[in-house]
Every structure is written in structure tokens, then in C-alpha cells.
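Student: I have a new protein model open and would like to learn how to read it. Could you go through it with me, step by step?

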Amino acid sequence: MKSMKSKTATAFAALAMALPLAAYATPNDQATELFENAKKSFEEQRQDLKTVDQVQTELAQAEALATDTELKYQIKILISRAYFWQGTNVPGNEENNPAKLPVFEKGYNKAREAYTLSGDYADAYYYYAINLSRWGLAKGKLSALGRLTELKNHLNLAMQRPTYYTGEDGTTIDFWGPNRVYGRMYFALPGIVGGDMALSKQYLERAAKEAPTHILNIVYLAETLADSRSTRSQAKLMLRDAIERYDANPAAFCPERIQETSLEIRLARELYGKL
């Protein structure tokens with residue numbers, strides 16, 4: 001007959017086997033699991049904004065638990081990206097829309113936290129810049145002029161560093177994102193305060209050449225070209241080509257950006273219809 005001590009030991013052993021692995025995981029292990037789950041949900045289901053809300057909740061939990069600096073960096077970058085997506089999807093116009101301001105502000109503040117942890121990579125500077133650029137549109141172009149130098153500085157810092165995940169040149173991040181932002185900035189600004197169609201064309205031609213499957217590279221370049229009568233027909237041909245290529249094979253257009261591309265191709269069709 002087993003002793004009471006033996007029975008107790010057996011019971012504890014059985015209980016230990018029944019406990020989930022998470023009960024023994026370190027806080028950093030738990031943070032990693034939360035982050036990976038949130039990342040997968042964001043990449044696959046971000047068209048559902050309720051899912052993105054849940055992603056933000058999981059990321060906040062992961063951020064609180066994480067002890068590893070690199071993991072913290074990755075979490076903060078994804079939080080910044082999620083705020084950018086949420087801000088983009090706030091209803092209403094891109095410009096002069098106060099409802100978007102606090103979302104983009106949270107996005108660039110979180111990116112700042114990331115590059116404060118590590119300034120070695122392009123990602124945090126880039127996501128700071130794109131949140132700030134959309135914040136500027138939502139604020140109003142003229143109202144946001146005081147932060148134009150800040151925007152340029154962060155874009156330049158991104159372009160001078162490698163990307164975190166691939167180690168590629170920072171100019172290539174997000175399908176030549178810095179060129180896209182610079183090109184759009186020079187297009188959107190009035191000439192008296194720095195707008196420059198020639199510079200816009202220069203930046204966007206490079207982005208469209210290097211990343212032709214990112215629809216916004218095409219749309220933004222077409223808008224810049226359409227601003228001049230001499231290149232308006234070129235803009236229309238470019239849009240028609242992109243639309244035909246997309247209709248023939250949608251999967252060839254940034255498969256990791258299916259949600260964004262489905263929205264951006266609408267912009268291409270709308271602009272084509274106006275030209």
C-alpha cells in the first residue's frame with residue numbers, strides 16, 4: 001500500500017503533467033507567443049478592423065511581458081504598423097480629418113520608442129515617417145508644415161540603415177517606401193513651400209521601376225504625370241497597363257499586401273476613369 005507521501009507525490013506529478021506549458025514559460029517566452037499570434041493575425045486578417053483591435057490588445061500584453069530588446073523592438077514596430085493601418089481606415093477624407101490624428105500620433109510615438117531601443121535599423125524610422133506623413137495630411141498640409149523637416153530627417157535616417165528582417169538597404173523597405181513618401185510629399189506640397197513636380201517624378205519613377213507590383217507606386221506616379229498636359233497620356237497608359245496586369249494575375253501584386261492592393265487598385269481605376 002502506497003504511503004501518504006507517495007500518493008501526494010504522484011498527485012503532484014499528475015497535476016504538473018496536466019498544466020499547460022505556458023505555466024512554466026518565462027515572461028519573454030509568453031511575450032514571443034503573443035507576438036507571433038498577433039503578427040499572424042495582422043498579416044492574414046487585418047481587413048477586419050475588430051481583429052486589428054484584438055491584435056493591439058495582444059501586442060500590448062506582449063510588450064508588457066517582453067524582456068529581450070530585439071523582441072521589444074519587433075513588438076513596437078508591429079504596433080506602429082497596426083496604428084498606421086487603423087488610422088488609414090478611419091472613415092472620411094485623408095486630409096483635414098481630426099479623427100485620424102490621435103491614431104497616427106500613437107503610431108509614430110510607438111516607432112520612436114522602437115528606435116530609442118535600437119537606432120541601427122531602418123524600420124522604426126520609416127514607420128515613424130509614414131505615420132507622421134499621414135498625420136500631416138489629416139492635420140492639413142499647411143498646418144503641418146512645421147514638421148516637414150522632421151519628416152525628411154526620419155526618411156533619410158531610414159534610407160541610411162539596413163532593414164531589420166532582411167538586412168537590405170533601407171531605401172527598399174516597404175517596396176521602396178521612402179521614395180514613395182518623398183515623391184508624394186513633393187507632389188502634395190504647394191510650390192511656394194517646397195512642392196516640386198520634377199522631384200516628385202524623380203522619386204516616384206524610381207519606386208515604380210524597382211517595385212512595379214506596389215500599386216501606390218504606380219498611382220502616385222500617374223498623378224504626378226497627370227499634373228502636366230504633356231505627360232497626361234503617359235499617366236493613363238501606365239494606369240491601364242497596371243490595371244490589365246492586375247486583372248490578369250492579381251496574385252502577382254504583392255501577395256503579402258492583398259488587403260491594401262484590393263483598395264489601391266480601386267484608386268487606380270478611379271484615376272484612370274478621370275484621365
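Student: How many helices and how many strands are there in the chain?

Tutor: Keep in mind from the start that this is a predicted model. The chain has 12 helices and 0 strands. Reading along the sequence, you meet the pattern α-α-α-α-α-α-α-α-α-α-α-α.

Student: What does the C-alpha trace span along its principal axes?

Tutor: The trace spans about 100 × 45 × 35 Å. Of the 275 residues in the chain, 44% count as buried. You can also look at contacts between residues at least 6 apart in sequence: 63% of these join residues at least 24 apart.

Student: How do I describe two packed helices?

Tutor: Two numbers do the job: the angle between the axes and the distance between the axes. Let's try helix H7 (residues 148-159) and H8, which pack at an angle of about 155° with their axes 10 Å apart. An angle over 145 degrees counts as roughly antiparallel, so H7 and H8 are roughly antiparallel to each other. Their crossing is left-handed.

Student: Which residues of H7 and H8 meet?

Tutor: From H7 come Leu148, Leu151, Lys152, Leu155, Asn156 and Met159, and they meet Pro178, Asn179, Val181, Tyr182, Met185 and Tyr186 of H8. Sorted by class, the residues of this contact are 9 nonpolar, 2 polar and 1 charged.

Student: Now for H8 and H9: at what angle do their axes cross?

Tutor: Helix H8 (residues 173-188) and H9 cross at roughly 155°, and their axes come within 8 Å. That makes H8 roughly antiparallel to H9. H8 passes H9 in a left-handed crossing. The contact of H8 with H9 divides into 9 nonpolar, 3 polar and 4 charged residues. Among the residues that meet here are Trp176, Tyr182 and Phe187 in H8, and Leu199, Tyr203 and Leu204 in H9.

Student: And what about the axes of H9 and H10?

Tutor: These axes come within 9 Å and cross at roughly 150°. H9 and H10 are therefore roughly antiparallel to each other. H9 passes H10 in a left-handed crossing. On the H9 side the contact includes Leu204 and Ala208, and on the H10 side it includes Ile218 and Leu221. By class there are 8 nonpolar, 3 polar and 2 charged residues in the contact of H9 with H10.

Student: Let me zoom in on one residue. Where is His214?

Tutor: Look at the loop between helix H9 (197-210) and helix H10 (215-226): His214 sits there.

Student: Is His214 buried or exposed?

Tutor: Check the relative accessible area, where under 20% means buried. For His214 the value is 1%, so this residue is buried.

Student: What does His214 contact?

Tutor: Set aside the neighbours within four places in sequence, and you find Asp174, Phe175, Arg180, Cys254, Arg257 and Glu264. With one of these, Arg257, the side chain of His214 makes a side-chain polar contact (3.4 Å).

Student: May I try another residue? Which helix holds Gln74, and what does Gln74 touch?

Tutor: Good choice! Gln74 lies in helix H4 (residues 69-88). Not counting residues up to four places away in sequence, Gln74 touches Phe35, Tyr164 and Tyr165.

Student: Why does Gln74 count as buried?

Tutor: The relative accessible area of Gln74 is 16%, and the cut-off for buried is under 20%. Gln74 is therefore buried.

Key: Residues numbered from 1 in each chain as written. Predicted model: local features only at pLDDT ≥ 70, side-chain atom pairs only at ≥ 80, totals over all residues. Heavy atoms only, no water. Helix = DSSP H or I, 4+ residues; strand = E, 2+ residues; numbered from the N terminus. Buried < 20%, exposed > 50% of the residue type's maximum accessible area, 1.4 Å probe, protein only. Polar contact = N/O pair within 3.5 Å; in protein donor to acceptor, adjacent residues only side chain to side chain. Contact = heavy atoms within 4.5 Å. Axes fitted to C-alpha atoms, helices over the stretch in contact; angles between N-to-C directions. Parallel < 35°, antiparallel > 145°, perpendicular 65-115°, else oblique. Left-handed = near helix turned anticlockwise from the far one by under 90°. Nonpolar A, V, L, I, M, F, W, Y, C, P; charged D, E, K, R; others polar.
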